[in-house]
Amino acid sequence: GDRSPASSDPVDTHCPYCSLQCGMALRPVPPDGGPGDGPEGRPEGRPGGVEVVERTAFPVNRGALCGKGRTAPAVLSSRVRLTEPLVRRPDTGQLEPATWEEALDRIAEGLESTGRAYGRDAVGVFGGGGLTNEKAYALGKFARVVLGTSQIDYNGRFCMSSAAAAHQRAFGLDRGLPFPLADVARTGCVVLVGSNLAETMPPALRYLTELKEAGGQLIVVDPRRTRTAEQADLHLAPRPGTDLALALGLLHLVVAEGRVDEDFVERRTSGWPEARAAAMAHWPELVERITGVPVPELRKAVTMFCDAESSMVLTARGPEQQSKGTDTVGAWINLCLATGRAGRPLSGYGCLTGQGNGQGGREHGQKADQLPGYRKLDDPAARAHVAAVWGVEPDDLPGPGRSAYELLDALGQDIRALLLMGSNPLVSAPRAAHVESRLRSLDFLAVADVVLSETAALADVVLPVAQWAEETGTMTNLEGRVLLRRAALTPPPGVRTDLWVLSGLAARLGWEKGFPADAEEVFEELRRASAGGPADYSGITYRRIAEEDGVFWPCPERVERDDAEGAASANPADSVSPADSASPADSVSPGNSMTAGAHPHPGTPRLFLDRFATDDGRARFAPVSHRPAAEEPDAEYPVLLTTGRVLAQYQSGAQTRRVGELNEAAPGPYVQLHPLLAERLGVDEGAPIAVVSRRGRALAPARISRDIRPDTVFMPFHWAGPGRANTVTNPALDPVSRMPEFKVCAVRLEPAAD
Ligand code: SF4
């Protein structure tokens, strides 16, 4: 084959997995006889033509990688990766090899005939938070322009959408971290809510270590004593689903103890009286009853948070993946605002996004309600701007569509055909057995992936697409830093890029132009489409990203001299608020030469230092109150289930389960439960146990541990089959973000036969 390194020198790039987007370099290595066999016919991790080399210059991880990143090249050479298109044959009912020509023809025909027969909205598109910005952009454009459907959403909805909604509501802008991660090491106190970053993104742990070495303090909020909680100066372990009450209790004490920053509240916020009243209704003893966190611990947390000169709250999936996720994050933001810990150097609220491009993936149009540049699909000015870039009429663009779970729930009913890229909802969606039956009921399903994932195995057509190290494209990490992944290898023969696929499909559906397969060409158009929007990328180029190790958005193409000086000035006060810096959409056009007084914009590492991105520049308190989870324990289902991640697996495991070393470290699911609960059930360590909810049952061995509350069990969700945790989880949705309630549902436990 012609699978050759794209270059003989190490190539700087980034990990294929989580939102930290660790920098690494890939060095070509000569082939040595093909991949070895691992468990289930999977490879043992022999690099497929490249090996990972440290890239210490990249500031976020300074060379450090976790096991997932270190072993990522194994998937490139995996014997089970897809290297030819597959089409389901009507006579055998089996997926069998086909030419690209036939596979793309089948998809174009499947999508078009469905649209013709049932209407355009009968065709759905489902994307992923691991897709590059260029792919997310092209997929959104393909859905809305070529297919004319409103039915597009992506698995990022299951990731951080509650934090995104709360960010928008409070600050007028959603960027996961409004400051570089390095600031975390320099603040006085960090409250980490529902994040187990020691397992999900281990290189980030060093920022917490540096924080403590510098005299700062760490509070971890988690129902489990995780590896991250072990690092904490104070660990609060609330009952799952009560993080909102916990935040309100802390705010109540802030008021009661006279810790409110009245000057900040007066000058930079709105809505305090209502938020204050809501918090005052949650007195500490009540909050102790709801959360199980003793009042003295609440008081201690308030003292640590308020005594520090600067402090931060960082949330992750724990508080976000709830049917009240937006309000829960809002309550933590309220705490920051009341204490003047937002919009100031080394203070603020941030979300630790999960997926590799969880940030960029939500900015460029694969989300049901958004257009590129983080514009709103129902905003007439946004529609006009993007339609002009796309060469269509604004009225031709469909309106907002269903959110991810609602879209999956409509399959086989209102939505009859689906194109899916970069996602494995059969494992990662809530109420997964139901989602599986919905996927099976489709008239037509096409999936592009690197391996035959559980979802791809149900498809009518499967397209083998290139992996991270085989193609170029940009990713936006959890800090809002736009990064460049570079190709270090050519894809195997028979494999094509997602952009090439969209280009080929668009051509078959009448769009010969407008869908280039070249990533940089797509990015150039993305720059124009995002210009003037909240997530303005118009000043970012591939060359700048390479030279500057990433550029923080918003980055308009140019900035007047005074603004440039202000923006580039001084660490840490180098904020340019989007409202100040964004040029009018039509005056920003990449390729224009700079005017005499204008300079390249430096990018925006820190947001909100001068003003928030709301119309009046003030942050908005949210008047939120505690409410129970959608499903609380009862006599039939008396225990709480919460789900999460383990160190050696990533998301639905489609890639990491195919790496021998990772599989050995984390071979399958388990049920973590407290010894008291185990004793009551008569269950021994390692014995099979069924976790049963109203939606189904998941079977896995018991792991008995004092690191979890006695009223709660935990399951990691990375696996399919009988141990699939998401068979059990509850799809109850947050009314604002449409986030399902992955983190809390009621179950009963049954000892199971071996
Ligand atoms: Fe990759 Fe995340 Fe691990 Fe870094 S922390 S190596 S980005 S999985």
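I took two strands as paired if DSSP finds at least two bridges between them. I applied this to a predicted model.

**Entry 1. The sheet with S9 and S10**

I looked up strand S9 (residues 217-221) and found that S9 and S10 pair in the parallel sense over three bridges. Within this pairing, I noted His235 of S10 as the bridge partner of Val220. I then followed the sheet outward and recorded an open sheet of five strands, in the order S10-S9-S8-S12-S13, with parallel pairing. Strand S10 (234-236) and strand S13 (348-351) are its edge strands, each pairing on one side only. I also noted the angle between neighbouring strands of this sheet, which is 15 degrees on average when direction is ignored.

**Entry 2. Strand S16 and its partners**

I next asked which strands pair with S16. On one count, strand S6 (residues 123-127) pairs with S16 in the parallel sense over four bridges. On another, strand S17 (residues 444-449) pairs with S16, again in the parallel sense, over five bridges. I used Leu418 of S16 as a reference point: Gly124 stands opposite Leu418, and Leu418 also stands opposite Leu445 in S17.

I then checked whether S16 is buried or exposed. Strand S16 (residues 417-421) is mostly covered, with five of its five residues buried. In a regular strand the side chains alternate between the two faces of the sheet, so I examined each side of S16 separately. Ala417, Leu419 and Met421 are buried on one side, and Leu418 and Leu420 are buried on the other. Both faces of S16 are therefore recorded as covered.

**Entry 3. Domains 1 and 3**

I consulted the domain assignment of the protein chain, which gives domain 1 (97-159 + 357-527), domain 2 (162-351), domain 3 (539-617) and domain 4 (639-751). I then looked up the contacts of domain 1 with domain 3, and found that twelve residues of domain 1 touch ten residues of domain 3. On the domain 1 side, strand S20 (481-485) and helix H20 (519-530) each supply at least two residues. I sorted the residues of that side by class and recorded four nonpolar, three polar and five charged.

**Entry 4. The ligand shell**

Last, I asked which residues come nearest to the ligand. There are 14 residues around the ligand, and Cys15, Cys18, Cys22, Cys66 and Gly69 come nearest. By class, I recorded ten nonpolar, three polar and one charged residues in this shell.

Notes:
Residues numbered from 1 in each chain as written. Predicted model: local features only at pLDDT ≥ 70, side-chain atom pairs only at ≥ 80, totals over all residues. Near = placed C-beta within 6 Å. Nonpolar A, V, L, I, M, F, W, Y, C, P; charged D, E, K, R; others polar. Buried ≥ 20, exposed ≤ 12 C-beta atoms within 10 Å, placed from the backbone. Axes fitted to C-alpha atoms, helices over the stretch in contact; angles between N-to-C directions. Domains from an automatic or database assignment. Contact = placed C-beta atoms within 7 Å.
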